[in-house]
Amino acid sequence: MLACKSLIVNRIFSKKKRLSLLKTLLSLSLVFASFLMIHKLKVLEKDAVGRKRLKETTWCGSECFLFKKEVVRVISESPRAKKEVDDFPQISNGSWDAQVLNCSEDTSVRTKDWFHRLDSRFHQFILHRHCRYYPMLINHPEKCTDGEVHLLMVVKSVIEQHDRREAVRKTWGQERTVDGRKITTLFLLGTPSTGKDSKNLQKLIQYEDLIYKDILQWDFMDTFYNLTLKEVNFLKWFNIYCPNVQFIFKGDDDVFVNTPNLLELISFKVEDHKEATLFLGDTISKAIPIRNRQSKYYIPKELYDKPYPPYVGGGGFLMSSQLARRLFVVSEDLELYPIDDVFLGMCLQKLHLAPEMHPAFRTFGITRRKVSLMNKEPCFYRNLIMVHKLSAQELLKMWHMVHKEELVCAQRTSI
């Protein structure tokens, strides 16, 4: 009997020892992966042509730059366009003023009956919904003030998706000037979600930003329900730091964008004097909240119980700078909503505007099967502006296929 007990104790001890060893190995693996990433970034740094020696990052606000106080110039001088922008807010000449993370929960909500009936996954969102603007961990106020930017590419990403950001930088997010029109790119990030190696991940993203200088990061956790925080914090940032930007494309880091087609579309809108209220993409109309608890987009009745206003799929959309400033103003008077693209639809509704549907934006409906057919039908994709849900490898492949010089396609109709 004693021998049996001794055997059991030894087995338990051996199991604990194996678990301890496994934890140690996992930690070492993470450290090794971090070193590999740093090595990769160092190689990229050395290979950058003409890159100067990196200096210490310095933080500065509006005191580093001169900002115009007047309203951004309206390209169209038509009476109709002037009427549409009479109430444009003035561009702020301040700096980012959310310097301290001070967001305690609204305890009064806990006394509400509807809160206790609410699905628990929404509790943290509701308790902190009053917290709107957060401190910036990485800022680049110079991105919009270094000359006039024709098109600002704004990409929602998370720290771990380094490969997606690399693919975007090599393809549609490449910063360049096309026929005198400057294109600039920014990635929007929060902080790692609970359970991840926050310290090492933060060091990696800071090193990545030292190389590329194209990341904006706020001190809120990167979760699905916090995507709306990226919307409102970016709108505020844009209103402060971007006096000379004309148009904004905003999308995810897993989309393909045909940049020449996008620039052509912008030119058509300017020629038709429709840029003042420009907001277009893959529009969803007459939608209602999803009540299926298994869905990522599930919304309980306690939170919202009426049809949604028209909105565009958040995978990618185009808007003018004039409208972006108006959206910033109205967004401050609306309660935050856990689905970011629906929230922007609510902002547009408050402005008595509706997004424009454009068939070349494919936020929904492009399946994996269709992507796999790209080798057979590259011309179909050449005529699009945006396609959602691609891996980094698929994005690079699609970009290469669509921009082959030897690819001959039938004459397409105007965008």
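Here are three short exercises, with worked solutions, on a predicted model.

**Exercise 1. Helix packing**

Work out how helix H9 (residues 321–331) and helix H10 (residues 340–350) pack, and which residues make the contact.

*Solution.* Start with the geometry: the two helices pack at an angle of about 95°, and their axes are 9 Å apart. Angles of 65 to 115 degrees count as roughly perpendicular, so H9 is roughly perpendicular to H10. Next, look at the side of each helix that takes part: H9 brings Leu323, Leu327, Val330 and Ser331, while H10 brings Phe343, Cys347, Leu348 and Lys350. Finally, sort these residues by class, which gives six nonpolar, one polar and one charged.

**Exercise 2. The largest pocket**

Describe the largest pocket by its volume and its lining.

*Solution.* Begin with the volume, about 810 Å³. Then turn to the lining: 35 residues form it, and Phe224, Leu227, Asp252, Lys296 and Tyr297 are the closest to the centre of the pocket. Now assign the lining to elements: helix H7 (227–241), strand S9 (311–320) and H10 each give two or more residues. S9 has the largest share, with four residues. By class, the lining divides into 14 nonpolar, nine polar and twelve charged residues.

**Exercise 3. A disulfide**

Count the disulfides, then characterise the one between cysteine 103 and cysteine 131.

*Solution.* With sulfur atoms within 2.5 Å as the cut-off, the count is three disulfides. Cysteine 103 and cysteine 131 are joined with an S to S distance of 1.6 Å. Their link is right-handed, with 95° about the S-S bond. Last, place the partners: cysteine 103 sits in the loop between helix H2 (79–84) and helix H3 (113–117), and cysteine 131 in the loop between helix H4 (123–127) and strand S1 (136–138). The two are 28 residues apart, and the pair links distant parts of the chain.

Terms used
Residues numbered from 1 in each chain as written. Predicted model: local features only at pLDDT ≥ 70, side-chain atom pairs only at ≥ 80, totals over all residues. Heavy atoms only, no water. Axes fitted to C-alpha atoms, helices over the stretch in contact; angles between N-to-C directions. Parallel < 35°, antiparallel > 145°, perpendicular 65-115°, else oblique. Contact = heavy atoms within 4.5 Å. Nonpolar A, V, L, I, M, F, W, Y, C, P; charged D, E, K, R; others polar. 1 Å grid on protein atoms, 1.4 Å probe; cavity = no way out; pocket = protein on both sides within 12 Å on 5 of 7 lines; lining within 4 Å. Points joined across faces, edges and corners; volume = space filled by probe spheres on them.
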